[in-house]
Amino acid sequence: MIVRIMGEGQLDVADGHFAELNTLDDELLAELESGDEEGFRRTLGALLDAVRRLGAPLPDDALEPSELILPEEDASLDEVKEMLSDDGLIPG
């Protein structure tokens with residue numbers, strides 16, 4: 001799956017890694033709902049780090065459609081809330 005991290009670029013993440021990413025996404029959703037700013041920052045950073053670690057970067061000139069878009073690391077609680085679906089940032 002092609003994942004875009006806003007402000008950084010795209011990575012190709014194998015479907016087999018989404019269980020790990022969904023665990024972090026569930027934590028992030030709970031922290032957003034409770035207004036836990038510190039937990040939100042920590043978990044958003046962990047989620048983005050996991051995508052960077054597990055994904056293979058696409059070349060800057062690649063024009064692949066992103067199947068998933070994640071916020072940049074310094075996004076606010078409100079900005080991330082606007083990006084959420086019922087499943088969080090990552091569907092499933």
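Start by selecting G9, which sits in strand β2; strands here are DSSP runs of E with at least two residues, helices are runs of H or I with at least four, and both are numbered from the N terminus. What you have open is a predicted model, in which local features need pLDDT of at least 70, side-chain atom pairs count only at pLDDT 80 or more, and totals for chains, interfaces and linings use all residues. Residues are numbered from 1 along each chain as its sequence is written, and side-chain values use heavy atoms, with hydrogens and water left out.

**Stop 1: G9 and its distant partner**

Is G9 buried or exposed? With a relative accessible area of 18%, G9 is buried. That word means under 20% relative accessible area, while exposed means over 50% and partly exposed covers what lies in between (1.4 Å probe, protein chains only). Now add L70 to the selection and draw a C-alpha to C-alpha distance: G9 and L70 are 61 residues apart along the chain, and their C-alpha atoms are separated by 10 Å.

**Stop 2: the nonpolar core**

Keep L70 on screen, as L70 is among the residues with the most contacts inside the largest nonpolar core. The others to pick there are L21, L47, V51 and I90, and the core has 23 residues. For the term itself: a nonpolar core is a set of buried Ala, Val, Leu, Ile, Met, Phe, Trp, Tyr and Cys residues joined through side-chain atoms within 4.5 Å. Colour β1 (2-5), α1 (18-34), α2 (37-54), β4 (68-70) and α3, and you have the elements that give two or more residues to this core. Which element gives the largest share? That is α2, with 7 residues.

**Stop 3: salt bridges along α2**

Stay with α2 and switch on the charged side chains. A salt bridge here is a side-chain nitrogen of Lys or Arg within 4 Å of a carboxyl oxygen of Asp or Glu, and by this rule the count comes to 6.

Zoom in on R52 and E8, whose side chains meet in a salt bridge at 2.6 Å, N to O. R52 lies in helix α2 and E8 in the loop between β1 and β2 (9-12), so this pair ties together parts that are 44 residues apart in sequence. R52 is partly exposed at 27% relative accessible area, and E8 is partly exposed at 44%.

Next, pick E20 and R53. Their closest N and O atoms are 2.6 Å apart, and the two form a salt bridge. What does this pair tie together? E20 lies in helix α1 and R53 in helix α2, so the bridge links parts that are 33 residues apart in sequence. E20 is partly exposed, with a relative accessible area of 36%, whereas R53 counts as exposed at 55%.

Now go to R41 and E37, a salt bridge with its closest N and O atoms 3.3 Å apart. Both belong to helix α2, and being 4 residues apart there, R41 and E37 are separated by about one helical turn. R41 counts as partly exposed at 31% relative accessibility, and E37 does too at 38%. Then select E8, D49, R52 and E73 together: salt bridges that share partners join these four into one network.

**Stop 4: a few distances to draw**

Go back to R53 in helix α2 and add L11. The two are 42 residues apart along the chain, with their C-alpha atoms separated by 9.8 Å.

P91 is the next pick, in the segment after α3. P91 counts as partly exposed at 47% relative accessibility. Pair P91 with D25: they are 66 residues apart in sequence and 9.2 Å apart in space, C-alpha to C-alpha.

Then try R4, found in strand β1 and partly exposed at 32% relative accessibility. Between R4 and E20 there are 17 Å from C-alpha to C-alpha, with the two 16 residues apart along the chain.

**Last stop: a patch of negative charge**

Finish on the surface by selecting E72, D74, D78, E79 and E82, which gather in a patch of negative charge. Patches are made of residues with over 30% relative accessible area and no salt bridge, where like charges are joined within 9 Å and nonpolar side chains (Val, Leu, Ile, Met, Phe, Trp, Tyr) within 5 Å. Asp and Glu count as negative and Lys and Arg as positive, with His and the chain ends not counted. The place of a charge is NZ of Lys, CZ of Arg, CG of Asp or CD of Glu, and accessible areas come from the Shrake-Rupley method with a 1.4 Å probe, where for residues only the protein chains shown count as cover. Click on E79, in helix α3 (residues 77-83): E79 is partly exposed, with a relative accessible area of 42%.
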